[in-house]
Every structure is written in structure tokens, then in C-alpha cells.
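User: I'm new to this one. Can you walk me through it?

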Amino acid sequence: MQPSLYTNDMTTTGHSFNRLIIVSYRLPFKIQQSDAGTEIVQNSGGLVSAVLSMAEQMGGNADGTLSKIHWVGHADSSLNGIDPSTLENDSFVAHPVFIDNDVHAGFYEGFSNDLIWPLFHYFPTYAQFREADFQHYQQANTRFLEELNKLIQPGDLVWIHDFQLMLLPEQVRQSHPNATIGYFFHIPFPTFEIVKLLPRTWRQLLLRGLLGADVVGFHTLDYVQHFLQSVTEVLNLPVIDQRIVLPDRSVTVRDFPISIDFTKFSNSATATDVVIIRERNADLLRKHKLIFSVDRLDYTKGIPYRLQGYERFLEQYPDWHDKVTFVITVVPSRDQIPQYQELKRDIEETVGRINGLYGTIGWRPIIYSYTSLNFSELVALYTGCDVALITPVRDGMNLVAKEFVASRQDERGVLILSELAGAALELTDALIINPTDTQEVANAIKKGLEMPPEQQERRMKYMRQHLQNYNVFRWSNDFLTAFSETMTNQPNIETDLPVPAFITAFGEARHRLLLFDFDGTLAPIVNNPADAKPTDDLLAALRHLAGSSDLVIISGRSRAFLEKTFAGIPIRLVAEHGAFMKDPGEDWERLDLSGNEWVDPVRAIINQFVERFPGSALEEKETAVAWHYRMADANADDIETNAVDLATQLRRADSAVPLAVIQGNKVVEVKPAQHSKGTVALRIYEQTPFDFIISIGDDTTDEDMFRQMPNWAYTLKVGPGVTAARYRVARQKDVERLLRCMSEALVPVA
Ligand code: GDG
């Protein structure tokens, strides 16, 4: 057994997976040649430690050993042809994915780094939309799939990482329908207005790609909400709590804030080599107060804003001259690209200008280096500085901020952190700033440098406690737990209605009113409306329910259709959106009393659209006229735009009779405004002192019904979309399950 990496007292998940397969763009290994031969050495990043701990949580083999973790990632061609047996060590097996150079360039430099990275960090003007890049992105994701196909066995857990592989979860799902797949997104997920900038087919494919997973994770709740909003807008899928419901399964979407190996950073503060470097730095800086920052060269990191803030501080507080030094380290990255070269030039010019303006023979206000630090140098600066100044203009999480806090075993030092980093939501005892507010940054620097030790201690203590709890092992364990919950708690009925309490209330009620829409509620939506019919099971449940409740089918359908569909069941029928009503055993009553002089002009307008869109049709009911376009032979978006146009024309048309124009599911319908599902539902509800009401519907016209119900009634919207209903059921088949459940809760009718 490996030593336990997991530092929290967490229960194990109780769900077992055979093997863990991690997929990320990069393999986290170095190939090392030694006398013993070639072997892989894993790097010491947080993800590697988290994954090792996760494998441990998953339990080992019968003989007490752990299954090796398989890691699939891109490798350059130097590894091509290497003996596969050398690509493993005691814990890991590496599976390199080789990608042709031109495909790799379009996939990685192009689509991933020149489009998704800037766009998702809210830099749309830097985004490059190139069709060839998207094709290469698709091809590269397929290369990863091919490697996985050689590997995946039943019972494996496949965990895919980050924005380079957004198509892969769905590709894996297609090849392995029963696989357990997770996905974690390491960068921000932006608001829909940004996602909307992607061409329609790209955004559809990318979102569908992610929905191949069982669990999709983001750093923060904001990103979760943005993702759900995009899925709703682009794919029009229902969301129940934080689950996206597909026809045959659902996807759990949750926030899992990534973290760091707290103990490792905390303990490193007192490691001998760290202490030596720290003391050497302090001597070199002549006991000046020290501000520190380290980031990769990237426009998202807000380095120029940070320098502006420091400059303003020096300008406004001359007392601090020659008492403070800003050590700013920029780690080389992508500096062959003009945009990055320009950023580097800008940073270096600004550093030069500030040093020129304020520096003296004995004092350099900024010590800038364009280099990477080794681990000890990094921790020596984390632990030797007085202020860590972290100012990204957008950052998924930002681990540097967490590492700084974890390193401060001495509970000293001040963190200044941008509100635009995911980490700001957790590290609330930092001095939170907006990097674009130069004055705020300058003030925070002064406040940080002058903060009394007790206050530093108090803030550090809280932040350290939080990180000790939410370390990287907690992160991976939470992810694993989410898998188990998803696997074991797949709800039978996808709804946010509290079903057990609802069934109890239903069972105990004395006067029950049940109002059900027909299409999309009691029967699935089908291409030919004449084919829509409830299942025999559902009809049996309705018959049973009708025995002890006032059951009303309230539909836009004609009288004849409803009578035929529900023949022999003693229920009340409401046809044509409330124009007609019929009690069991009685004749139809006409509730709509308007004349029909409005019909001719409306028919003429609709007929223009029927001619324009072959396959669409006009339906004339007794009190309504409708344009159906489900079967129309036209581009989906184009025809929706035309449906809006038609509705607008109809609303503007002169009419002696006040009309209601309803835009439903692939239908635009016109009827007298005097009656609606709402007016009839209200009339029925007012006739009897009901103590239980449920109304269910999927379409716009059902909203009238929901709005007329008292606020204690159970109103349920079927499917996606904005609604006035209190609850949602995801799919029509969930309505069937719910009604069966209600029927079973009743005492059998003799
Ligand atoms: C992505 C998201 C999210 C940096 N310089 C040196 C060095 N580092 C290490 C730090 C830290 C890591 O690199 C940087 O992590 P960040 O989180 O700041 O940023 P990204 O690499 O862009 O990561 C980000 C992260 O994914 C995790 O989900 O937080 O928002 O963009 O660990 O210590 N390490 C050493 N020398 C350096 O000079 N040794």
C-alpha cells in the first residue's frame, strides 16, 4: 500500500471502479535515462498528487496493491517508437498520443490557445476563428479517442481534463455507452454572451461534447451557472437542480474548487534549502519590505495593471521609497507569438520606466526576471515576502494565491488578490481588489505593507484553515464522491418536486384537483399530431386517479380528438384552450362566445407562410386557427425567426375581436383572447374548496393555467424554458412515472 496522501477524515465513497484513466493534453512525466534503463518520472504538480490519492480512495486490488493509474496525454514524436514497457513506473502507466504536426498546430496553438483561451478569459478581440483549426481540434480529439479505445475496459473510470479536450467525452460515450466519464474544466466558463460568439455548429458540438460525461466539474458556482445557461440556450435541454437531463441519462454539473497539497507547501517553509535562499534574499534586499508576484507570461494575468498600481503607490507615498522592493517573476511562455512579445515588451518598458523614475544608486524599486524558479526558490519567495500581489484580469482559480497562503506557516504576510480570480471566492480574507482600479491597487499595497501583525495573523489563520480543509485531496475525493452519487442515485423521476412529501400530501387530501395538458405532457410530441396518444399504462393510471379526484384534461386539441382519446374514462375535458368544456356523461358546453369575423383575415396572413414553407400547414379549429411548422422543410433557426415574424404580424393586425396570439412548440396559434387555459382553470378551481391541486403542462398556453393557480398548488412545467410553475419535470416520460406513482399511492378502487 502507498502511504496515505489523503489528509482529511473523509468517508470513502463506497463505489468501486476498476482502474482510473486520466486524460489531459499533457503527460505529467519526464523520461529519465539511468543505468537501470529508461523510465518515467512524474512531475510534482497538484494534479498528480490528487490523482494518486484518488486511486487510493478507490481501493486497491485483492492483494492489497493499488491498480496503476493510466494517463493518456500528448507526447512529441521523440517518444514515438519507444518500448511501451518503459513508459510505466510503480504508480503510473503513460499512454502517449502522437499527433501530426500540422493537426497539432491547428488543434493546440490554433483552436485551443488562439480561440478558446482568449475567448473564455473574456478577451474576444484576441480570438481567432479559423475553420481549419476547428477541424484539427476535432481530429486531435479523435486521436485521443483512438488511444483510449485501446485501453478502456468495463468498470474503468475515465477522467478527462480541460479545454483542449471538450469533444472527447461525447466521443468516448459513443464508443463506450456504459463508460463512467468525468470532465473537469480548469479555466473560466464564460457567460452565454461570450459563448454565442462561437459559430453555431461549433458551440453545439463543444457543449454536446462535454455532455458525454456523467459529471462535469468547474472551479466555481459562477462557471457552473454560465455553463448551464449555455446548455439551456444552445441545446434547449431541461436542467433539474444541477443536472442536465438528456433523453436517456443525466449529467451532474457541479463546482469543485481545485486546491493544492497544503501540507507539502506548509512544511516546505522550514526546509533547509528554502531557509537558506530566504535568508540570502533578505540580505540582498537589505531588509526592505518585499512584494512578490509570479505568473506565466499571459495577458490574462494583469501584469501591466499590477505595475501601474505599484507606480501609483510610489508616486503617492514617497515615504516608502527605498524601503520596499517589488520582486516580479514572469515565467516564459509562448513568446514566439507577436501578442506575447508585445506584452513582454510592454512589461519590460514599464519596469524600466518605473525604475528609471524612482530608483536611486542604492535602490531598485522593481527586480524583474523573465525566468522560471525552482520549487525552493518559489517557496523562499512565498515565505520571505510581506505582500503577494496577484492581479489577474481573469483566472479560472489561481493556484499561486493558494500556495502562498499554504506556505505561510508563520501566519504572516498579506495577500492582495484580484476579484476576477476564482480563488477570490474562497480567500475572502485577502485584500480583494479589481486590478483595473489603479488607485485601489495602490491603496491595497500601502494597507498590506502597513498591516499590523495581529491582523495579518487573523486573516492568514482563516485562509489557512480553509485550505487545510479544502486541499487538493478533498477536491479529487469530492469528484469521486460525485461519481458514486451519480451512479447510485439516478432518480427514477427527473424532477425538483419533493416527490415523497408530494405523494403524502396527495394521499392525505380530501378534494383533489388534477389539471393535465395533453401534448408533451400525457403523450410525447410526435411529427404527425394525429398519432399522439397516451400509453395503455398511463390510461390505466388516469382511470384510477379519476376515481378519487377531479381530473381535467385541459388541451388545445379539438373536442372530437379528446373525446376519442379518453373514451370510457370518467374525466372532464377542456378543448381548444378553454373554448369548450365537457363533464363526464354530459354534453359539451361552449365557453367562448366571440364571433368568427376575425378568422378570414388571420387565415389569409397564415396562408402566406404556408406557401413560403412547404411542409408547414394551416389548421382550422372551431375557435382557433394555427400554423404548424414542425414538418416544414427549412433551416430550424430561420423558421423560428419567421414564426416570430408571423406572430408579430398577427398581433398587429386589426381585429374587431380581441385576439391572443400564442407561440407554442412549433406552432403559432390565434384564438379569441376572451378564454384561455387560465380562465377555465380558475373557473374550475373556484367551484370547489380543493385542498390539493396539481397542474402539469409543457407549453406557453399552460403558463396561463399556472399563473391562475393559488400559490400553494403544485404547478409543474415539463421540459426546458422559462416558466411560472413552481417545479419542473424534465421529460414527458417523467410525467408518466409521476402519475403512476400517484395512482399507486391511492387505495385501489373496488
Ligand atoms: C490553469 C488555470 C487554474 C508558476 N511559476 C512557477 C511555478 N508555477 C506554478 C505555480 C502553480 C502553477 O504553476 C500555476 O498555476 P495557476 O493556477 O496559477 O495557473 P495555470 O497554470 O494557468 O492553470 C488556473 C489551474 O489551471 C488549476 O486548475 O488555477 O486558473 O488557468 O502551481 O506554483 N512553479 C515553479 N516555478 C515557477 O517559476 N516551480
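Analyst: Sure, we can go through confidence, domains, the ligand and one loop residue.

User: What kind of model is it, and what is the mean pLDDT of the protein chain?

Analyst: This is a predicted model. The mean pLDDT of the protein chain is 92. A pLDDT of 70 or more is reached by 96% of the residues.

User: Where is the pLDDT below 50?

Analyst: Over residues 1-13. Beyond near neighbours in sequence, that stretch has 32 contacts in the model.

User: OK, domains. Which ones does the assignment give?

Analyst: Domain 1 covers 20-255 and domain 2 covers 263-467. Domain 3 is made of 499-592 + 675-745, and domain 4 is 599-672.

User: How many Å separate the centres of domain 1 and domain 2?

Analyst: Taken over C-alpha atoms, the centres are 32 Å apart. Domain 1 puts 16 residues into the contact, and domain 2 puts in 16 residues.

User: Now the ligand. How many residues surround it, and which are the closest?

Analyst: The ligand has 19 residues around it. The closest are His186, Leu373, Asp395, Leu399 and Glu403. Both domain 1 and domain 2 supply at least three residues each to this shell.

User: What about classes in that shell?

Analyst: Ten residues are nonpolar, five are polar and four are charged.

User: Which polar atoms lie at short range, say from Leu373, Met397 and His219?

Analyst: For Leu373, a polar backbone atom is 2.6 Å from a nitrogen atom of the ligand. For Met397, a polar backbone atom is 2.8 Å from an oxygen atom of the ligand. His219 uses its side chain: a polar atom there lies 3.2 Å from a ligand oxygen.

User: How much of the ligand does the protein bury?

Analyst: The protein buries 76% of the 740 Å² that the ligand exposes when taken alone.

User: And which elements give two or more residues to the shell?

Analyst: Those are β12 (289-296), α12 (375-384) and α13 (399-407). The most comes from α13, with three residues.

User: Switching topic. Where does Glu411 lie?

Analyst: Glu411 is in the loop between α13 and β16 (414-418).

User: What does Glu411 touch?

Analyst: Leaving out residues up to four places away in sequence, Glu411 touches Gln456, Glu457, Met460, Lys461 and Arg464. With Lys461 there is also a side-chain polar contact of 3.4 Å.

User: Last one. How far apart are Glu411 and Met631?

Analyst: In sequence, 220 residues. In space, Glu411 and Met631 are 68 Å apart, C-alpha to C-alpha.

How values were computed:
Residues numbered from 1 in each chain as written. Predicted model: local features only at pLDDT ≥ 70, side-chain atom pairs only at ≥ 80, totals over all residues. Heavy atoms only, no water. Near = heavy atom within 4 Å. Polar contact = N/O pair within 3.5 Å; in protein donor to acceptor, adjacent residues only side chain to side chain. Areas by Shrake-Rupley, 256 points an atom, 1.4 Å probe, with all protein chains shown as cover. Helix = DSSP H or I, 4+ residues; strand = E, 2+ residues; numbered from the N terminus. Nonpolar A, V, L, I, M, F, W, Y, C, P; charged D, E, K, R; others polar. Domains from an automatic or database assignment. pLDDT = per-residue confidence, 0-100. Contact = heavy atoms within 4.5 Å.
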